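Q: Could you take a close look at one part of this structure for me, and then follow the trail outward from there? Keep it relaxed, but give me the residues and the angles.

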Amino acid sequence: MPGVRLVYVADSGYAPYGERDAAYVIERSELITSFLVGQGAALVVIACNTATAAAARHLRERHPGLPFVGVEPGVKPALAMSRHKRIGVLATTGTLRSEKFQRLIAPYREHAELHLQPCPGLAQAIEAGDAAAHDVRALAQRYCEPLRQADVDTVVLGCTHYPFAIEALRAALGPEVILVDTAEPSARHARRLLEEREGPDVFGAEAAETVAYTTGDVAVLRRIVDAWLDFPVQVRAAPAALTGPASPQP
């Protein structure tokens, strides 16, 4: 959707969500959503599995006229892809312990072996901006080893940070393991919802502005943008409205 203006908030100064309680995640998610609404958002993507699990219902109740797209670990497509029905899920502690995730996997437990692997610290290491760093590779090896021992053939990337470290994860799991990411289905769903709300003319013929705010280090987000995105992005420090009320990480 290159003709659609995109406003993104990286809440790096208050991350990682996956190791905080639900109240904290809801508070941050509401603050950011209110900011995006003020920017004229016609649709909000909750680009975080933990925030989707903890805050999606709250956000939809608080903003009933605004469509939301959440992201969830792709257990269903993984089941379809798995040859031997041995599936691993790499995710944050917060995602795995959430009631929403437990409801998500309940229908599949009798059809497959599900090996749930919490990955404390991995999202935070990736957030530092270097997915090839020693810390990222070491954590990938540590958390993938139990899945290798369980002989899984398919692994779900249950955190939107993890695709940035896909090379480290592939090296840790081996080339025969299928990795499942739900980014593209989420993007297609966002497009459908936006077209339903705004009409087909919303997409425009010319590239629109993309602005990325961060509550963390602007230089880190700029480095990530330059490495991963092939279109112009204005990187800015988040305004004061996004620097409270929850306490940032030490």
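A: Two strands count as a pair when DSSP finds at least two bridges between them. Keep in mind that this is a predicted model.

Let's start at strand β8. Covering residues 210-214, β8 has five of its five residues buried, so the rest of the structure largely encloses it. Both of its faces are covered: Thr210, Ala212 and Thr214 sit on one side, Val211 and Tyr213 on the other, and all are buried.

β8 also has pairing partners. Strand β1, residues 6-10, runs parallel to β8 and is joined to it by five bridges. Ala10 has Thr214 of β8 as its bridge partner. Strand β9, residues 234-237, also runs parallel to β8, this time with four bridges. There, Ala212 stands opposite Val235 of β9. To get from β8 to β9, look at helix α10 (residues 218-228): strand, helix and strand together make a right-handed β-α-β unit.

Now follow the chain on from β1. The loop between β1 and α1 holds Pro16, and the peptide bond joining Ala15 to Pro16 is cis, with omega at about 0 degrees. Most peptide bonds are trans, and most residues other than glycine have a negative phi. Past that loop comes the helix pair α1 (residues 22-38) and α2 (residues 49-62), whose axes come within 9 Å and cross at roughly 55 degrees. That angle makes α1 oblique to α2. The contact draws on Ala22, Val25, Ile26, Ser29, Glu30 and Thr33 from α1, and on Thr50, Ala51, Ala54, Ala55, His58, Leu59 and Arg62 from α2. As for handedness, α1 passes α2 in a right-handed crossing.

Phe68 ties into this helix pair. Phe68 is located in strand β3, residues 68-70, and its relative accessibility of 5% makes it count as buried. Leaving out neighbours within four places in sequence, Phe68 contacts Thr33, Val44, Ile46, Leu59, Arg60, His63 and Leu193. Two of those names, Thr33 and Leu59, also turn up in the α1/α2 contact. For a sense of scale, Phe68 and Val136 are 68 residues apart in sequence and 31 Å apart in space, C-alpha to C-alpha.

Next stop is the open sheet of four strands, in the order β5-β4-β6-β7 with parallel pairing. The edges belong to β5 (113-118) and β7 (178-180); each has a single partner strand, so one side of each is left without a neighbour in the sheet. On average, neighbouring strands in this sheet are turned by 25 degrees against each other, ignoring direction. β4, residues 86-91, pairs with β5 in the parallel sense over six bridges, and Val89 has Leu116 of β5 as its bridge partner.

Just ahead of β4, in the loop between α3 (75-81) and β4, is Lys85. Its phi is near 60 degrees, a positive value in a residue other than glycine. With a relative accessible area of 31%, Lys85 is partly exposed.

Helix α7 (residues 134-149) lies across β4, β5 and β6 (154-157), and runs at about 165 degrees to β5. In the loop between α7 and β6 you'll find Asp151, with a positive phi of about 60 degrees although it isn't a glycine. Asp151 counts as partly exposed, at 46% relative accessibility.

α7 also meets another helix. Its axis and that of α8 (residues 166-173) come within 8 Å and cross at roughly 40 degrees, which makes α7 oblique to α8. From α7, the contact uses Arg137, Ala140, Gln141, Cys144, Leu147 and Arg148; from α8, it uses Ala168, Leu169, Ala171, Ala172 and Leu173. The crossing of α7 and α8 is right-handed.

Finally, there's Ile166, which lies in α8. Ile166 is partly exposed, with a relative accessible area of 22%; the buried class is for values under 20%. Not counting residues up to four places away in sequence, Ile166 touches Leu157 and Leu179. Ile166 and Arg60 are 106 residues apart in sequence and 32 Å apart in space, C-alpha to C-alpha. Arg60, you may recall, is one of the residues in contact with Phe68.

Notes. Residues numbered from 1 in each chain as written. Predicted model: local features only at pLDDT ≥ 70, side-chain atom pairs only at ≥ 80, totals over all residues. Heavy atoms only, no water. Helix = DSSP H or I, 4+ residues; strand = E, 2+ residues; numbered from the N terminus. Axes fitted to C-alpha atoms, helices over the stretch in contact; angles between N-to-C directions. Contact = heavy atoms within 4.5 Å. Buried < 20%, exposed > 50% of the residue type's maximum accessible area, 1.4 Å probe, protein only. Right-handed = clockwise from strand over helix to strand, strands pointing away. Parallel < 35°, antiparallel > 145°, perpendicular 65-115°, else oblique. Left-handed = near helix turned anticlockwise from the far one by under 90°.
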